There are 2 protein chains.
Amino acid sequence: MPPDTRLDALPGIPPSDRATVRRLPKRAVYDQAQIAAILDEGLICHVGFVVDGQPYVIPTAYVRADNQIYIHGSAASRMLRSLAGGAETCVTVTLLDGLVLARSAFHHSMNFRSVVVLGKARRVSDPAEKLEALRLFTNHVVRDRWEEVREPNEQELKATSVLALPLTEATAKVRQGPPIDDEEDYAVPVWAGVVRMNMAIGPLVADDRVLPGMQPVGRDRFPCFRLGND
Amino acid sequence: MPPDTRLDALPGIPPSDRATVRRLPKRAVYDQAQIAAILDEGLICHVGFVVDGQPYVIPTAYVRADNQIYIHGSAASRMLRSLAGGAETCVTVTLLDGLVLARSAFHHSMNFRSVVVLGKARRVSDPAEKLEALRLFTNHVVRDRWEEVREPNEQELKATSVLALPLTEATAKVRQGPPIDDEEDYAVPVWAGVVRMNMAIGPLVADDRVLPGMQPVGRDRFPCFRLGND
C-alpha cells in the first residue's frame, strides 16, 4: 500500500449485516487480500468473549493461514475453553501507522489499519493440523524459527489448545493520509501533517546461557516489521 | 521500569473476583502506579461491548486522568451509545515490548504489559469536564498541542461524546525478561534471547498546505514514545 493514500471502500466480499462497518463507512475495506495483508503484518490480536454478560478483551498472539486465523494458549485458559465451547467471539487486529495533526483539535486523528473478525471458533483436534498451526505461529514471528528449535513434545502438545476462526465475517477499516481541516482553519499558523509510526526492532539481547558462537537472528527474519522503517 | 526484569505481583488494591488474573497469576500486577504508567504510555485501547450476545472489540484512542480513563467518538457511534446506556464494558491496553526467542517452540513468548479495565462507563455531560477531557486527549498524543490549535466549537462539541470509565476494576499483566527454557534445552545450538520492540516515530510528513515557516512538532513532544529507542 502506498503511504499517505486515502483508501475508500474497495470491491470485495459483501459483508454480513453485523460485520458491516457502521461508523465512517468510507473507511471500510472488505477486500480479502487487504484483510490478509493487515493480519499478516500484526503480531497481537485482541480477543473478545462474553462470560455471564460481561465482555472480556484479552491480547494474544495469532497467525493467519488461508481463510482463517489461529489462536492458541494453555488448555486451561478460560478464554480458550469459552471459545471452544461455541461462544461467539470477535478478534480484532490493529496496526497504528501515524498520528494525524490537524489545525483544529476536532480533526486530529490517527492513521491505522484494523481488522475485525466475528464468528465462532473451532478447536483444532487433528494432530497434524495442530502441529502445522504451531509451526505457523512460530514462523509468523521469526521466519524459519520452527526449523531450528526443539519441536513440542507430547506433554506440551497436550497442554496447548489451538483454535481456528474463519475469516468469513472479516472487515477492515483503514485511515491513511493527511489531516482534513475545515477550509477556514488552513490559515491557523501551526504545523500540520502526519507523524508516521511503526513498530521497530530494538537491540537483540542474548540470554545468559547462549552457547558460544551462536549468531543472533538476522533482522530480515522478522516478517512482521516493515523493514527500512526501523 | 528496568529492562529485562521479571515482575511478579506487587502489593496493591485487592482485585475483585472477576478482575483477578486467571492465567499465570505470577504475571498479575494490581499496583495502581504501574497500571497508570502502562495506560499513560499507550495510545490505543480495545473496547469490548456486547450487542445481542455478540461481543465486539473496537480500537479507539483514550487518555487516563486520575483514577479513570476517557474514551470519545462520534455521538452517533453505536459503541459509545451502547456504553453510555450502562452496558458492561472491558477496555484493554497492550504494549508489546519484545519477542522472546527460546530454544523450544513451546517456550517462545512475547514481552508485554497490558491493562484490562472492567466496568460501566458514564457519559461526561458537564461541559467543563468534557472540554478538559478533550484537552487531555489531544495533549496525551502531542504535548501542549491543544494550546496551539483551534479549540472545538459548539457544533463539534455536540457531535462528540466523551465517556469515563473508572479504574476501580483494573488489572495489569506483565511479562518481561529472557526466555525460560527447560534445563535440557540449553544445549540446543541456537540463538536465544529477547528481541526488543517499541513504537517508533518515523518521518514527520507536512501536509500540502502548511504555512511557510511553520516548524515541525519536536520529537520530545510525543510523551507516549519511549524516547531514545526510536
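**A buried aspartate, a central strand and a two-fold interface**

B:D181 lies in the loop of chain B between β9 (170-175) and β10 (193-206). The model is predicted. In this model B:D181 is buried, with a relative accessible area of 7%. Its side chain makes a polar contact with the side chain of B:R103, at 2.8 Å. Beyond neighbours within four places in sequence, B:D181 is in contact with B:A102, B:R103, B:S104, B:H107 and B:Y186. B:R103 therefore appears both in this contact list and as the polar partner of the B:D181 side chain.

The overall make-up was examined in chain A. Chain A holds four helices and ten strands. Along the sequence, these elements follow the pattern β-α-β-β-β-α-β-β-β-α-α-β-β-β. Chain A has 230 residues, and 54% of them count as buried. Contacts between residues at least 6 apart in sequence were also considered. Of these contacts in chain A, 70% join residues at least 24 apart.

Strand β4 of chain A spans residues 68-74. Five of its seven residues are buried, so the strand is largely enclosed by the rest of the structure. β4(A) pairs with strand β3 (residues 54-65) of chain A. The two run antiparallel and are joined by four bridges. A:A65 has A:Q68 in β4(A) as its bridge partner. The hairpin of β3(A) and β4(A) has two residues between the strands. In this hairpin A:D66 takes a positive phi near 50°.

β4(A) also pairs with strand β8 (residues 160-166) of chain A. Seven bridges join β4(A) to β8(A), and this pairing is antiparallel as well. A:S74 stands opposite A:T160 in β8(A). β4(A) is thus bridged to β3(A) and to β8(A), and is largely enclosed because five of its seven residues are buried.

Cysteines were examined next. The structure holds zero disulfides over all chains. A:C45 is buried, with a relative accessible area of 0%. A:C90 is likewise buried, with a relative accessible area of 0%. The cysteine sulfur closest to that of A:C45 belongs to A:C90. The separation is 10 Å, and a disulfide requires sulfur atoms within 2.5 Å, so the two are too far apart for a bond. The converse holds for A:C90, whose closest cysteine sulfur is in A:C45.

The two chains are related by symmetry. Chain B can be laid on chain A by a turn of 180° and a shift of 0.0 Å along the axis. The RMSD of this superposition is 0.0 Å. The relation is that of a two-fold axis. The same surface serves both copies, as 100% of the contact residues of chain B recur in chain A. Of the residues of chain B, B:M199 comes closest to the rotation axis, with its C-alpha at 2.3 Å.

The contact between the chains takes 88 residues from chain B and 88 residues from chain A. Together the chains bury about 7600 Å² between them. Carbon and sulfur atoms account for 65% of this area. In chain B, the residues that lose the most area to chain A are B:R150, B:W191 and B:R209. Together these three make up 9% of what that side buries.

Note on methods. Residues numbered from 1 in each chain as written. Chains lettered and ligands numbered in written order. Predicted model: local features only at pLDDT ≥ 70, side-chain atom pairs only at ≥ 80, totals over all residues. Heavy atoms only, no water. Buried < 20%, exposed > 50% of the residue type's maximum accessible area, 1.4 Å probe, protein only. Pairing = 2+ DSSP bridges. Least-squares fit on C-alpha atoms with pLDDT ≥ 70 in both. Contact = heavy atoms within 4.5 Å. Polar contact = N/O pair within 3.5 Å; in protein donor to acceptor, adjacent residues only side chain to side chain. Buried area = accessible area lost by both parts, 1.4 Å probe.
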